[in-house]
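Here are my comments on the contact between the two chains, set out as numbered points for you to read beside the coordinates.

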Amino acid sequence: MDFTFNQDQQMFTETLAALLAAELPADRIRQRWQSDSGIDAALAAQLVELGLPAMLVPEALGGLGLDATDFIQLAECCGRFALPEPAVEGALVAAPLLVDIIHGNPSAAPRLTALLEELMAGEAAVAVGHHLNPYVNFAGQADWFLLGHGNAVHLLPASEVAITAVKSVDPSRRLGELAWRPSAATLVADAELGAACWRATLNRGALGNAAQLLGLADAMVKQAVAYSADRQQFGKPIGVNQAVKHLLADCAVQIEFARAPVYRAAYTVAQAATRADWAVSHAKVVAGEAAQLAARNSIQVFGAMGYTWECDLQIWAKRGWVLDREWGDAGFHKNRVHEWLVQPNALIGPEYTFGRGDQPHAR
Amino acid sequence: MNLRSNAADEAFRREVASWLEQHLSGEFAQLRHRGGPGDEHSFVEERKAWERELARGGWTCIGWPQSHGGRGATIEQQVIFNEEYARAGGPGRIGHIGETLMGPTLIAYGSAEQQARYLPGIREGREFWCQGYSEPSAGSDLGNVKTRAELDADSGQWRINGQKVWTSWATESDYCFVIARTQPGSVGHKGLGFFMVALDQPGVTIRPIEQLTGSAEFNEVFFDDALCSAEDLIGGPEQGWQVAMALLGFERGVSTLGQQMLFQNELDQVVAAARDNGADRDPIIRQRIADAHIGLRIMRYNSMRMLAGGEDGSLSKEAMIYKLYWSSWHRNLGNLAMDVLGAEAQLLDGDGYQLSRLQGLFLYSRADTIYGGTNQIQRNLIAERALGMPREPRG
Ligand SMILES: Cc1cc2nc3c(=O)[nH]c(=O)nc-3n(C[C@H](O)[C@H](O)[C@H](O)COP(=O)(O)OP(=O)(O)OC[C@H]3O[C@@H](n4cnc5c(N)ncnc54)[C@H](O)[C@@H]3O)c2cc1C
């Protein structure tokens with residue numbers, strides 16, 4: 001078992017981090033809050049150029065043919081910079097869902113392949129409406145929608161979807177509530193294919209959020225650490241106090257201990273996204289907890305300053321609060337872990353701890 | 001120990017309830033359940049009018065002695081009043097800083113002239129107060145206050161220069177109690193005075209600070225040669241720290257009772273939301289609701305114990321735990337509220353950045369562990385003052 005990332009993976013992450021460091025200082029995020037679309041088209045185009053939306057698409061379909069283990073650090077990086085653009089969803093949710101349907105339903109394949117190409121080229125935005133998420137982020141910017149009706153998947157152009165904009169506590173988001181009508185013409189995956197597609201999609205969506213939550217948590221702690229060195233009280237930096245150190249040390253422990261499960265879940269999703277429920281749920285729960293603790297303790301370290309609109313910490317804190325509840329909240333995911341554990345034939349025990357998945361251990 | 005209420009108390013309860021029922025009507029009906037944490041900005045003028053209405057019925061400052069215009073209400077009666085007030089959905093009290101902090105401080109430390117000058121305005125709901133302690137470089141380290149006060153020998157007035165920050169309610173207030181340095185070059189707790197400063201004067205500039213809740217309850221307050229008459233200093237020019245600390249003692253006293261009733265209302269709302277959306281079927285949510293209830297009862301019993309036995313100061317150490325306990329409890333209630341709401345938790349209603357009451361509860365409770373002494377400072381106090389552990393070196 002090897003949790004390390006290879007050089008290509010590292011380089012990809014560093015490239016993205018350098019781009020976001022240059023293009024996405026906090027004041028740019030605040031500028032987006034004032035705009036209708038909430039999206040910076042130039043940055044979105046640069047992310048396409050980097051190949052983000054094509055990453056998880058097989059080479060045969062014109063993509064880069066990589067998998068979730070290659071993408072996971074990028075998702076984390078998007079969280080670290082609190083990227084408002086839905087890049088993680090495009091790459092990890094919309095594109096793979098299109099691929100799954102293309103593979104499963106040859107009759108819809110030509111249409112969907114064309115759409116997938118547009119998605120990879122940044123020419124079309126595809127939003128996904130899963131029943132766990134009553135509101136779709138950036139619905140107003142989407143050209144196409146992949147929507148669930150029962151287990152079936154329908155593909156609709158924006159013109160056939162009525163969107164009611166609703167506001168999020170995170171001003172970086174542009175949520176919409178959707179109204180639409182399924183028809184034979186819009187059906188792209190029947191209930192049987194759709195059930196598998198949605199299951200995989202939920203796992204990818206929750207994985208993407210888990211990784212972003214990790215990045216958010218990390219970034220909040222970094223800000224608090226820096227502040228604890230700058231801010232003086234009682235004639236010395238507040239960070240010299242153990243009470244302050246311990247607040248952030250606790251976060252560091254939680255974040256590090258969430259990281260391995262998130263990477264582990266990425267691996268499982270890469271192997272078989274439909275059979276990654278327990279691994280993803282584990283990751284989502286612990287990453288969410290790490291982000292909640294980081295938000296709480298970082299605000300605490302900033303004191304009253306952390307409670308102001310002006311303090312950038314709120315950008316990360318509010319994103320964390322929102323992402324923790326998307327693609328299933330902690331209760332949902334704990335229940336999934338629980339259900340998996342109480343199955344009579346649950347594959348638990350030491351021989352399953354390290355990634356043998358559902359292959360019984362050969363003795 | 002006697003935990004039973006007597007017939008007189010029950011009669012008092014009926015009196016309060018029926019008065020509130022009659023008076024929270026007409027123009028005031030719209031104020032029910034408004035103005036709590038996260039909703040501070042609704043109906044400010046109407047709530048000030050409500051303070052005057054309360055005053056006309058003799059329901060402000062009921063715990064003050066009769067000699068100062070209060071009712072001399074017992075602790076039990078004050079609890080009853082607060083319970084009934086919460087039950088009736090009485091609006092958030094704009095007058096509470098005056099009633100529970102400034103008033104008791106004046107009664108304990110003010111001169112007869114000062115009492116005569118300021119107590120009636122508080123009691124009658126005409127004059128409102130805010131607290132000018134914190135400064136940019138004096139948060140937890142309150143002794144680092146830098147605002148200066150100089151006595152102008154000719155006019156006999158104090159001139160105040162400096163800046164306060166995080167001053168809640170300054171824009172809605174008439175007066176601010178300010179701690180300022182009267183001795184140039186003094187440091188720490190020495191050389192401070194406690195001033196009652198009128199805010200409506202050219203030397204005072206108030207600038208609201210927007211909070212992450214999108215509202216602006218607190219403010220920056222700048223003093224540029226602001227004037228304060230020599231009669232408006234409580235205690236001597238070097239006794240400000242003692243007065244300021246005594247005032248904080250009142251903050252941990254009876255004023256907590258009203259807050260608990262508000263907490264009860266919030267918990268009720270969380271429970272109602274869980275019933276509404278089915279979250280109450282989730283066993284984890286059910287347990288957390290039970291925990292919240294238990295915590296609230298603990299606070300209630302504990303403060304009854306403190307308040308009833310606290311007059312001789314024998315429970316002053318026990319009283320130190322209260323702030324840490326309620327702030328952590330309230331923050332957890334905020335988390336619970338959001339978990340009950342699930343995906344809905346992130347939705348804003350209406351124009352601008354308008355939080356729902358439960359969202360307000362969640363975001364507002366982030367500050368509870370900060371103001372009035374952070375949780376870290378509270379723990380230090382408990383360890384060093386109550387348990388007598390060795391003190392951490394300061395400064
Ligand atoms: C909503 C709100 C309303 C407020 N209203 C008022 C008001 O009306 N009037 C007023 O005067 N003030 C008000 N305040 C200010 C409040 O009293 C201060 O925020 C508080 O005292 C903490 O100071 P600070 O924010 O400067 O944090 P800092 O003192 O800078 O503390 C930052 C962090 O360092 C920690 N820390 C600092 N020193 C130590 C130490 N020695 N040991 C361990 N940890 C330490 C703190 O716990 C905190 O986590 C308000 C604050 C808020 C948030």
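**Notes on the interface of chain A and chain B**

1. Across the interface of chain A and chain B, in what is a predicted model, the rule finds one salt bridge. That salt bridge is formed by the side chains of A:Arg325 and B:Asp339, with an N to O distance of 2.6 Å.

2. Polar contacts should be considered beside the salt bridge, and the count between chain A and chain B is 20 residue pairs, both residues of each pair being at pLDDT 80 or more. On the side of chain A that touches chain B, strand S5 (162-168), helix H8 (242-271), helix H9 (277-302) and helix H10 (313-323) each supply at least two residues, and H10(A) gives the most, with four residues. Sorted by class, this side of chain A has 16 nonpolar, nine polar and twelve charged residues.

3. As to extent, 37 residues of chain A are in contact with 47 residues of chain B, and the two chains bury about 3600 Å² between them, of which 58% lies on carbon and sulfur atoms. Within the area that chain A buries against chain B, A:Lys167, A:Phe234 and A:Tyr307 supply 24%, which is more than any other three residues.

4. The backbone pairing between the chains also deserves a look in the viewer, since S5(A) is joined by two bridges to strand S9 (residues 347-348) of chain B, and these strands run antiparallel. Which residue of S9(B) is the bridge partner of A:Ser168? The partner is B:Leu347.

Conventions. Residues numbered from 1 in each chain as written. Chains lettered and ligands numbered in written order. Predicted model: local features only at pLDDT ≥ 70, side-chain atom pairs only at ≥ 80, totals over all residues. Heavy atoms only, no water. Contact = heavy atoms within 4.5 Å. Buried area = accessible area lost by both parts, 1.4 Å probe. Salt bridge = Lys/Arg side-chain N within 4 Å of Asp/Glu carboxyl O. Polar contact = N/O pair within 3.5 Å; in protein donor to acceptor, adjacent residues only side chain to side chain. Nonpolar A, V, L, I, M, F, W, Y, C, P; charged D, E, K, R; others polar. Pairing = 2+ DSSP bridges.
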